[in-house]
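Me: Please show the model, and then let us test its descriptive terms against their definitions.

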Amino acid sequence: MTTPLISGKIGEMADWKEGMPPVVRFAPSPTGYLHVGGARTALFNFLFARHHGGRFILRIEDTDRKRYQPDALAEIFASLKWLGLQWDEGPEAGGGAGPYFQSLRTALYREHADRLLAAGRAYRCFCTEERLAQLRLEQEKAKMAHGSGYDRHCRDLEEARVRALLAADTPHVVRLKVPDDRSVAFHDLIRGDIAYDSAQLDDLVLLKSDGFPTYHLANVVDDHLMGISHVLRGDEWIASTPKHILIYEAFGWAPPLFAHMPVILAPDGGKLSKRRGAASVLDYQRAGFLPEALRNFLALLGWAPGDDREVMPLEELIAAFTLERVQAKAAVFDETKLEWMNGVYLQRRSAESLLPDVQAIWEKMELAHDALADEVFLKKVIAMFKERSRKIGEIAENSLYFFRDPLEYDAQAAKKYFKPDMLPRIDALLAALADLQPFAQDALEGLYRRLAEELGVSAGKLIHPTRLAVSGVGFGPGLFEMLETLGRETVLRRLRKARGQIAARGQDGN
RNA sequence: GGCGCUAUCGUCUAGGGGUUAGGACGGGUGAUUCUCAGUCACUAAACCGGGGUUCGAAUCCCCGUAGCGCUGCCA
């Protein structure tokens, strides 16, 4: 893929006008996994593009060779795809504005830095890292109220001196000449007008001594060249935006529109991290969350549709999403609510669609092979448990008695239901169940109700002990559905086993 | 330290001068088919503080406070 070094002439970039399809980008840095904060930013970009019929570009900002992690890329792609945030242009997708890796565009950035150099808007700086560190130390000590940052030491070097240093191959960076005492203002679509005094900004580095651009240069050049109309990014970039405005100005380009998304915080109000809740998108996948649930939950962090809807499938999110309704306040990631929402989506899912994920968990549990091979049976089990589970894993874990006899009985439930007076009732059940035709839900219910009446007890007196006998626990799906799926042979076996337990207990006086 | 952003129930939020400040999660109480970790109903719970502007402020302005961000040849 060849890209012209410079596309678009200076000053020709038109402002985006209301009604034009917007072009947005998500620009992660491959320094680690994609965390939910980044995912939310990607989601808002995606929703914004879809809502307005625009384009969503994925661009990889891999200009920091020190922090680059080779695995990060695959993880980021997998995370976005899992969440259903397919990008229109970018790695794997292609597009006319590529390449979409900044490391492949370094010639472009150098070219642009040269233009600024030639125009007198930037200068070469030969200061060593040691000098800069020393400078910072002194400023710290002096607690300088003003003018902290680079001291412009190289800003006015004589031309001859610069030539000599260049001839000697002296390492150097390129810095922007930031104007003195000017107000640099921009309009944030979420927060309104924000203004900085240029005296607050030091002469930032555009090109590093290794030839790679800084984020500031690469981001401005790429956003311009890729025709980005709206920059939707995390609010940690607010303070950098005036620098970017200055760079656009130096190039003679019209800046895009900006909207800074609020951050997502951990429950303790601190930064989200691996230690405080998962944070990584793929960790949530592993923990048994559905992509549509995480996506819906994330959309509601910092955004609301304005009415009382909360459970909103993707199409609804796209239809309702507008930047005006994005909140400026940071939001705490409340995993409990995520779990609730996951439960909602679990109920909405078909057993069929859940099968692969649940099956994968069951298969790690050394269960009987023949049962695991019977998909019809598995889907019945999933159907029963997805209604009352909050994570995929719960479906697999709470349904184990469909694959093997319970090893023990819940003590509390046993104390309540496994009493000696149950023995004759179990005998009656055993006899009736052995002959029941068909061994199916409705017939089973009829049998239980009839028998209860004959014995002069409430149906619950038969139902609860049966549940405990066949499942080992005091809760679960409807009993008759459960018995039908388990099958006559299994049910009778487990009832007999429970009968033995109760008899033994009776003798112990328990 | 400087600069900036933010501030409604515990949490996510609605609200854009006049409301009994609404909804959701979680909590509590109750109901329910055989259980609930399901479902339904009910309930407790908030405008950070102080000044203005106004007949009237959750809403507009200022100050304070707190939290967060930036202050890198990281993004």
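Me: What makes β3 and strand β4 (residues 173–176) a pair?
Reply: Two strands pair if DSSP finds at least two bridges between them; 4 bridges join β3 to β4, so the two are paired, and they run antiparallel. Strands here are DSSP E runs of at least two residues and helices are H or I runs of at least four, numbered from the N terminus. In β4, R175 is the bridge partner of Y123. This is a predicted model, in which local features need pLDDT of at least 70, side-chain atom pairs count only at pLDDT 80 or more, and totals for chains, interfaces and linings use all residues. Side-chain values use heavy atoms, without hydrogens and water.

Me: Why are β3 (122–125) and β7 (205–207) called edge strands?
Reply: Each of them pairs on one side only. The open sheet has the order β3-β4-β7, with antiparallel pairing.

Me: How do you know that G302 makes a polar contact with a phosphate oxygen of RNA strand B?
Reply: A polar contact is a pair of N or O atoms within 3.5 Å (within protein, one must be able to donate a hydrogen and the other to accept it, and residues adjacent in sequence count only if both atoms are side-chain atoms). A polar backbone atom of G302 is 2.3 Å from that oxygen, so the pair qualifies.

Me: What places a polar side-chain atom of R325 in the same category?
Reply: This atom lies 3.2 Å from a phosphate oxygen of RNA strand B, and the pair therefore meets the cut-off.

Key. Residues are numbered from 1 along each chain as its sequence is written. Chains are lettered from A and ligands numbered from 1 in the order in which they are written.
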